[in-house]
Amino acid sequence: MDTTVIPPVSLEELSLLTRRASTVIERLRERVFAPGTQKRLELRFNVRTAAEMVGRTEKAIRDAEADGRLPEPEKDAETGRRLGYSLAEVNRMREVFGTLPHRAPDDPPLIMAVQNFKGGVGKSTLVTHLAQFFALKGYRVCVIDCDSQASTTAVFGMNPDVDVDEEEDTLYPFFRHGGPKTLHYALRATYWHNIALIPANLGLYDAEYEFAARMAREPTFILDRLREGVETIADQFDIILLDPPPALGMLSLSVLRAANALVIPTPPNNIDFASTAHFLKMMEATLGELALHGGARSYSFVKILATKMNDQKSAHVAIKRMMDAVFPQDMLNAVLKDSAEIDNATANLSTVYELTGAATRTETHRRCRAYLDAVGREIELLARKTWPSHHRALRKEGVL
Ligand SMILES: Nc1ncnc2c1ncn2[C@@H]1O[C@H](COP(=O)(O)OP(=O)(O)OP(=O)(O)O)[C@@H](O)[C@H]1O
Ligand SMILES: [Mg+2]
């Protein structure tokens with residue numbers, strides 16, 4: 001019998017692998033974050049689209065421009081052609097016409113965690129796309145990146161290794177005794193009008209160990225700190241989205257405590273579904289345990305979203321059917337199907353909503369956008385149901 005065994009991988013080889021992996025990431029980031037290339041939002045809307053977004057007619061917009069309530073539309077200096085409206089300009093129109101969808105100050109802000117302890121299920125993808133969906137609708141959005149991998153931070157145009165200081169810019173200092181009293185220090189405006197970001201970087205990974213060590217001594221301080229922090233900034237936003245790391249650590253637990261709503265992305269395949277079932281069980285146990293420390297948390301909604309679903313795979317279809325049967329009340333109706341469009345956008349540290357020009361005229365793009373919009377609309381409705389000031393409008397729309 002051949003007893004030769006594959007030689008074990010040495011530590012040196014592993015560290016070589018690590019360095020090579022870092023090189024790949026650096027190259028990608030060099031391309032996206034090349035000096036002088038600040039990420040910008042190229043989206044422009046013509047008057048017809050703007051009118052739809054604002055909820056008024058094109059004529060109403062033209063009239064307001066003519067009588068000075070709105071500025072004259074921008075034109076290309078050379079060709080004299082209209083440039084179309086930016087998102088900030090569309091929001092200006094919403095302000096003038098009174099159609100901004102903000103919650104009333106007494107309505108609770110939606111603080112939604114996209115949570116699943118399983119990695120790669122589409123948490124960050126959902127967070128970045130939802131944030132932009134809501135921003136396009138005119139909501140005031142905050143994204144909190146709680147994951148040391150910082151993929152969401154990168155998508156919002158910041159290089160986590162260069163633009164984000166470990167000691168000062170992330171959630172980390174907020175967990176220090178005698179640290180900042182509010183989370184304002186960490187809020188950054190992004191190139192998306194109405195999306196603020198609290199960035200992350202690798203420093204949060206070390207923090208995780210530190211928090212674990214402190215857990216025995218001061219469990220409530222660690223576990224409730226994020227919730228307290230979010231409350232210090234919540235008045236400025238309609239929707240706060242939390243993007244946790246894929247592990248059952250202190251940060252993930254604080255995220256569960258900080259949120260008042262939960263969406264659990266789950267690809268309908270055996271392994272991911274099993275992890276989700278496990279996640280639900282752990283969550284139940286952990287939240288029960290945490291409630292013993294005081295401050296039980298209840299959620300205005302907990303929804304499971306089928307992600308990365310491929311209709312061509314019979315196993316996906318079968319498991320999705322089972323999920324619908326087992327959790328009839330708890331599944332979102334919308335499904336985030338598997339789409340090359342999403343994968344390609346992520347590979348470029350970008351999103352489907354940011355694409356412009358020819359790239360948006362393909363059938364793949366249109367379909368993908370329809371999936372994303374359907375998810376966004378469903379969550380928007382759930383959010384608005386938690387806002388008493390929206391109830392009258394919801395009744396009028398026939399959805400309450
Ligand atoms: N609907 C989808 N269609 C195609 N690809 C997708 C879809 N959703 C996510 N992906 C891809 O799957 C990968 C993992 O997605 P993402 O980073 O959002 O997952 P995650 O749960 O945040 O991962 P982690 O646990 O590492 O934080 C990415 O490459 C992303 O482009
Ligand atoms: Mg992620």
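Here is a walk through this structure, from its overall layout down to a single residue. Keep in mind that what you're looking at is a predicted model.

Let's start with the big pieces. The domain assignment splits the chain into domain 1, covering 47–97, and domain 2, covering 110–396. Measured out over C-alpha atoms, their centres sit 33 Å apart. The two do meet, though: four residues from domain 1 and five residues from domain 2 make up the contact. On the domain 1 side of that meeting place you'll find two nonpolar residues, one polar and one charged.

Now look at helix H1, which takes in residues 11–32. Does its length add up? Its 22 residues, at 1.5 Å a residue, should span 32 Å, and the C-alpha atoms at its ends are indeed 32 Å apart, so expectation and model agree. What about its surroundings? The number of buried residues among the 22 of H1 is zero, so this helix lies largely in the open.Things look quite unlike that in the largest nonpolar core, which has 87 residues. In soluble globular proteins, nonpolar side chains tend to be buried together. Met112, Val141 and Leu241 touch the most other members of this core, and helix H5 gives the most to it, with eight residues. Both domains take part, as the core draws at least three residues from each of domain 1 and domain 2. Take Met112 as an example: leaving aside residues up to four places away in sequence, Met112 touches Ile239, Leu241, Leu242, Ala259, Ala261, Leu262 and Val263.

Next comes ligand 1, with 19 residues around it. Those that come nearest are Gly119, Ser124, Thr125, Pro246 and Thr346. Helix H5 (123–137) turns up again here, since H5, strand E7 (302–309) and helix H12 (340–347) are the elements that give two or more residues to the shell. By class, that shell holds 10 polar residues, five charged and four nonpolar.

Let's finish in helix H12, where Glu341 is found. Is Glu341 buried or exposed? The cut-off for buried is 20 or more other C-beta atoms within 10 Å, and Glu341 has 21 such neighbours, so this residue counts as buried. Beyond residues up to four places away in sequence, Glu341 touches Val352, Thr364, His365 and Cys368. Pro173, by contrast, lies 168 residues from Glu341 in sequence and 37 Å from it in space, C-alpha to C-alpha.

Definitions and conventions:
Residues are numbered from 1 along each chain as its sequence is written. Chains are lettered from A and ligands numbered from 1 in the order in which they are written. This is a predicted model: local features need pLDDT of at least 70, side-chain atom pairs count only at pLDDT 80 or more; totals for chains, interfaces and linings use all residues. A residue is near a molecule or strand if its C-beta atom, placed from the backbone, lies within 6 Å of it. Helices (H or I, at least four residues) and strands (E, at least two) are DSSP runs, numbered from the N terminus. Ala, Val, Leu, Ile, Met, Phe, Trp, Tyr, Cys and Pro count as nonpolar, Asp, Glu, Lys and Arg as charged, and the others, Gly among them, as polar. A residue is buried if 20 or more other C-beta atoms lie within 10 Å of its own, exposed if 12 or fewer, and partly exposed in between; C-beta atoms are placed from the backbone. Two residues are in contact if their C-beta atoms, placed from the backbone, lie within 7 Å. The expected span of a helix is 1.5 Å times one less than its number of residues. Domain bounds come from an automatic or database domain assignment. A nonpolar core is a set of buried Ala, Val, Leu, Ile, Met, Phe, Trp, Tyr and Cys residues joined through C-beta atoms within 7 Å.
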